[in-house]
Amino acid sequence: MSNPGDLNDTPIENKAQLVALLAEGGKPQESWRIGTEHEKFGFVLPGDRSGREAFSPPPYAPGGIESLLEALKGNGDDWQAIEDHGKLIGLKGQGAHKGESVSLEPAGQFELSGRPVADLHETRAEMDAHFSALREPAAALGLGFAPLGFQPLWSRDAMPIMPKSRYAIMRRYMPKVGSLGLDMMTRTCTVQVNLDFGSEEDMARKMRVSLALQPLATAFFANSPFYEGKPNGLLSNRAHIWTDTDNARSGMPPCCFDENFGFEQYVDWVLDVPMYFVMRDGEIRDVAGASFRDWLAGKSQSVLEGLTPTMGDFEDHLTTVFPDVRLKQFLEMRGADAGSPAMMLAQSALWVGLLYDPATLLAAEALVREQDWSSYRALRGAVPAQAMNASFPGGLRTLAQRVVALAGQGLRARGLGEESYLAPLEAIAAGAPTQAETWLERFNGVWQGDVRPIFQEASI
């Protein structure tokens with residue numbers, strides 16, 4: 001969500017302005033960067049002196065997420081506070097952390113949005129530095145953090161609620177449009193990588209390849225096999241949650257697979273996604289369910305009466321659509337569960353390898369075109385339960401091996417020694433278990449049916 005002082009109040013006069021906004025993201029290849037975002041669940045460490053239950057989610061306050069943000073902020077030289085009605089809800093990086101931000105998901109899932117970096121070695125260093133900086137102040141508060149795709153133990157009602165105005169609107173609206181939206185908000189964590197494009201044609205090619213292969217990524221990174229302490233019959237419950245969160249704004253938009261797909265087609269799709277909110281005078285206004293397209297056309301809608309749509313409103317609206325690959329002035333890969341640091345780094349490596357070398361991108365496009373787009377949509381429905389065992393023409397592991405080989409080719413073409421980061425995916429493609437399958441083996445073995453050890457074994 002835009003900060004009130006940053007709101008672009010330029011009135012929208014025509015759709016061409018919205019198309020141009022997306023087109024402004026185009027960059028020459030030498031300026032392409034990598035931005036990795038990752039979330040993790042907080043939990044109370046065993047033996048906590050405050051008497052809180054071991055492994056329970058930390059509250060916002062007292063002695064919880066707010067205190068951790070304050071500790072990380074320190075004297076403000078490295079981090080600037082982000083507040084919502086006087087409540088500390090995030091941090092904006094300064095100095096050495098410029099370009100980074102720390103934010104909170106609805107139940108306090110802790111997210112680092114990394115700065116745009118030139119290579120995956122910088123991604124690894126940033127990730128290592130963030131985890132290192134987090135451990136000491138978290139431990140002093142009796143807290144740990146574990147990146148998992150879905151909260152493995154606690155019910156939705158047991159999850160805390162963060163004081164962010166936007167999330168209050170979403171909590172009210174989500175149950176009207178799907179049965180699992182509140183679970184998405186409170187009990188899921190993901191990792192995503194944000195990547196650049198050079199032109200409209202380059203964007204469309206990258207969108208088609210990455211959207212088609214997003215279900216494969218979901219299978220690779222499956223890391224959520226538990227629900228309230230027991231196996232849930234799924235390997236990526238996080239991915240399952242997205243099948244009934246709000247289908248008007250999520251999934252695999254059909255327009256992205258059209259041969260004429262471009263910025264305008266994406267804008268048209270976004271305009272038909274119901275709105276959540278608008279910002280005015282530093283306040284967030286609930287307009288959930290209103291139509292942005294009708295607003296632009298001047299059609300009467302009581303919640304928007306007297307308001308003129310601005311470019312800032314559209315930029316905010318772009319952040320409230322949740323397709324598996326999201327287009328802003330860059331592309332966001334959104335199909336993976338949060339997982340171990342090695343796996344989260346492998347997620348960035350996969351997409352950088354496939355999308356950032358032009359020859360490899362062409363080869364990846366040829367590969368995905370071997371099957372009809374409907375095959376990938378069907379795969380999206382199968383991988384939450386089956387992950388790498390899902391049915392796919394020619395075999396999913398065969399596809400996985402070919403895709404990882406292409407990603408390795410693309411990384412080698414960059415000449416930066418980044419291909420080693422694909423090692424976890426090479427192993428899974430060759431038959432190794434996913435993270436979810438490893439956890440299930442431990443649950444049925446050494447954990448003796450108790451899911452609680454997952455928090456410390458998965459902790460960063």
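The questions and answers below go through some helix packing and buried residues in this predicted model.

Me: Happy to start with helices α6 and α13. What makes α6 roughly parallel to α13?

Reply: Helix α6 (residues 200-220) and helix α13 (residues 373-386) pack at an angle of about 25°. Angles under 35 degrees count as roughly parallel, so α6 is roughly parallel to α13. Their axes are 9 Å apart, and α6 passes α13 in a left-handed crossing.

Me: Which residues of α6 and α13 meet?

Reply: From α6 come Arg208, Ala212, Leu213, Pro215, Leu216, Thr218 and Ala219, and they meet Trp373, Tyr376, Leu379, Arg380 and Val383 of α13. Sorted by class, the contact of α6 with α13 has nine nonpolar, one polar and two charged residues.

Me: Now to α3 and α11. Why is α3 called roughly antiparallel to α11?

Reply: The axes of helix α3 (residues 120-140) and α11 cross at roughly 155°. The cut-off for roughly antiparallel is over 145 degrees, which makes α3 roughly antiparallel to α11. The two axes come within 10 Å, and here α3 passes α11 in a right-handed crossing.

Me: Good, and what does α3 bring to its meeting with α11?

Reply: Leu120, Thr123, Arg124, Met127 and Phe131 are the α3 residues, facing Pro341, Met344, Leu345, Ser348, Ala349 and Val352 in α11. The residues of this contact of α3 with α11 divide into eight nonpolar, two polar and one charged.

Me: On to helix α16. How do you know that its buried residues are on the same side?

Reply: The buried residues of α16 (residues 435-444) are Gln435, Ala436, Trp439, Leu440 and Phe443. They cover an arc of only 135° around the axis, so they sit on the same side of α16. The pattern fits a general rule: an α-helix has 3.6 residues a turn, so residues three or four places apart point the same way. Glu441 and Asn444, on the other side of α16, are exposed.

Me: What covers the buried residues of α16?

Reply: The cover includes β8 (226-227), β9 (230-231), α11 (341-355) and α17 (453-458).

Me: Let's turn to single residues. Why is Thr360 in helix α12 counted as buried?

Reply: Its relative accessibility is 0%, and buried means under 20%, so Thr360 counts as buried. Leaving aside neighbours within four places in sequence, Thr360 is in contact with Gly353, Leu354, Leu406, Gln409 and Gly410. Thr360 and Leu411 are 51 residues apart in sequence, with 9.3 Å between their C-alpha atoms.

Me: Leu367 is also found in α12 (residues 358-368). Is Leu367 buried or exposed, and how do you know?

Reply: Leu367 has a relative accessible area of 5%. That value meets the cut-off of under 20%, so Leu367 is buried. Not counting residues up to four places away in sequence, Leu367 touches Tyr376, Leu399, Arg402, Val403 and Leu406. Arg115 is 252 residues from Leu367 in sequence and 31 Å from it in space, C-alpha to C-alpha.

Me: One last case, a charged residue. What makes Asp183 buried?

Reply: Asp183 lies in helix α5 (residues 181-187) and has a relative accessible area of 3%. With the cut-off at under 20%, Asp183 is therefore buried. Beyond its neighbours within four places in sequence, Asp183 is in contact with Phe150, Arg156, Thr188 and Ile241.

Definitions and conventions. Residues numbered from 1 in each chain as written. Predicted model: local features only at pLDDT ≥ 70, side-chain atom pairs only at ≥ 80, totals over all residues. Heavy atoms only, no water. Axes fitted to C-alpha atoms, helices over the stretch in contact; angles between N-to-C directions. Helix = DSSP H or I, 4+ residues; strand = E, 2+ residues; numbered from the N terminus. Parallel < 35°, antiparallel > 145°, perpendicular 65-115°, else oblique. Left-handed = near helix turned anticlockwise from the far one by under 90°. Contact = heavy atoms within 4.5 Å. Nonpolar A, V, L, I, M, F, W, Y, C, P; charged D, E, K, R; others polar. Buried < 20%, exposed > 50% of the residue type's maximum accessible area, 1.4 Å probe, protein only. Arc of directions from axis to C-beta.
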